Amino acid sequence: MKNNIYQKKKEFAHQKMKMKTLPQELIAQILSLLPVNPLVRFQCVSKLWFALINDSYFIKLHLNRSKERFLILETDYPDDYSMVKFSNGDQFGTAVKIKRPHYNLQSTEIVGSCNGLVCIKSFDNESVERIVIWNPLIRKYKKLPPKPLEKFIARRHSAFGYGQVNNDYKLLRLVKFWPKAWLDRQRDERRIYSLEVYSLREHSWRMVEEEWPIEEPYTISNEACFSNGAFHWVVTSDETNLKKYHVTFDLSTEKFRVQAFPINSSTKEDLELVDLGGWLFAFFPQLCEVWVMKEYGLSSSWTLFYTVEPAFSKYPPFVFSHDGEEILTGEILGPNSRAESFCLYWYDIKRKTQKIVSIENVPDLYAPVVCVGSLILLNDAKPHSPQ
């Protein structure tokens, strides 16, 4: 028995010595193929591995190779969020509860997700806005510095994404508010717009000189979609023609661009923009159509990608299956139009059939947010207590 223990210790010491002789670049290449959770544990192996796994180059290398996908199931306060992983075979695991960083506030809302980071907006009892950028896999978050908003706000829109040119994650906040002069019933009836950007790299807010490109009257008819390094909105004219515009804001240049939609641009049909695998899609729920911008930035390249059977989902697609033959979507179920549960399913684009997704311990009502496994914020964030 003692000889066996001695032999195992000797073999372990030998393997450890062999690892020390491996080039660090090769170790980095091997480790970058692993999921997030083992890498977090492997920080304890040695000081060398701790420094390697926390290195910014390695974190970016791991992100570019990451095949780990999971859903955050957003639920209403006071329920915790849930998280469920799914494999390359598109099989879902069991949903587990996960605490939000702002779990003690009255309400929370997911602004968006990008490269494994989730931006959460919350409000306290005094309706003060609190924002964090959160990596749910490593249970770390960064609290944004407070940015007081002017009073008399009419509406605010937020968007979260990544600018590749300057390697920075940014939160854009467009605020529309009434000036005090209007509230005092003076002659100045203009609404004022404030455009602000938070930079994760600089950890600060600043005003953007660029002005919102469309004059009133109009309605921003959807939350921003992040795709190809830019935010995308659908803006509908409030005039009688209800013309729709495609407004983009490039995160690297911080410039706006406006294009008219060549598809159904003068109809009353709803329209939602989504990003799937780096492609920009437009989803028309009433028409049961999904269009794709085949050449990014070229308005004339919008092409019908697939149609959905009317009996199926009125929700936009969330993510492609591993083989690209199916899309994950869903619908709210309930009698007499009363929402009681949310159902996920895979929709086969060619066969036009659906396959219900079964997930254990899933909440009844939720909004799914697709994320990828990443180590971002590992070396620059505050941990929060795990569930």
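Trainee: Is glutamate 210 buried, partly exposed or exposed?
Mentor: Glutamate 210 is partly exposed, at 23% relative accessibility. Buried means under 20% relative accessible area, exposed over 50%, and partly exposed in between, with a 1.4 Å probe and protein chains only. This is a predicted model, in which local features need pLDDT of at least 70 and side-chain atom pairs count only at pLDDT 80 or more, while totals for chains, interfaces and linings use all residues. Residues are numbered from 1 along each chain as its sequence is written, and side-chain values use heavy atoms, leaving out hydrogens and water.

Trainee: Which residue forms a salt bridge with glutamate 210?
Mentor: Lysine 255 does, with the closest N and O atoms 3.5 Å apart. A salt bridge here is a side-chain nitrogen of Lys or Arg within 4 Å of a carboxyl oxygen of Asp or Glu.

Trainee: Where do the two sit in the chain?
Mentor: Lysine 255 lies in the loop between strands S15 (244-250) and S16 (256-260), and glutamate 210 in the loop between strands S11 (204-207) and S12 (218-220). The pair links distant parts of the chain, 45 residues apart. Helices (H or I, at least four residues) and strands (E, at least two) are DSSP runs, numbered from the N terminus.

Trainee: How many salt bridges are there?
Mentor: The count comes to 8. One of them joins glutamate 68 and lysine 85, at 3.3 Å from N to O. Glutamate 68 is in the loop between helix H5 (56-65) and strand S1 (69-74), and lysine 85 is in strand S2 (residues 81-86), 17 residues apart.

Trainee: And is glutamate 68 buried or exposed?
Mentor: Glutamate 68 is buried, at 14% relative accessibility, whereas lysine 85 is partly exposed at 32%.

Trainee: Which residues form a salt-bridge network?
Mentor: Lys170, Arg206 and Glu254 are linked in one.

Trainee: Changing topic: at what angle do helices H2 and H5 pack?
Mentor: Helix H2 (residues 24-31) and H5 pack at about 40°, with their axes 9 Å apart. Axes are lines fitted to C-alpha atoms, for helices over the stretch in contact, and angles run from 0 to 180 degrees between N-to-C directions. H2 and H5 are therefore oblique to each other; angles under 35 degrees count as roughly parallel, over 145 as roughly antiparallel, 65 to 115 as roughly perpendicular, and the rest as oblique.

Trainee: Which residues make the contact?
Mentor: Ala28, Gln29 and Leu31 of H2 and Phe58, Leu61, His62 and Arg65 of H5 make the contact, which means heavy atoms within 4.5 Å.
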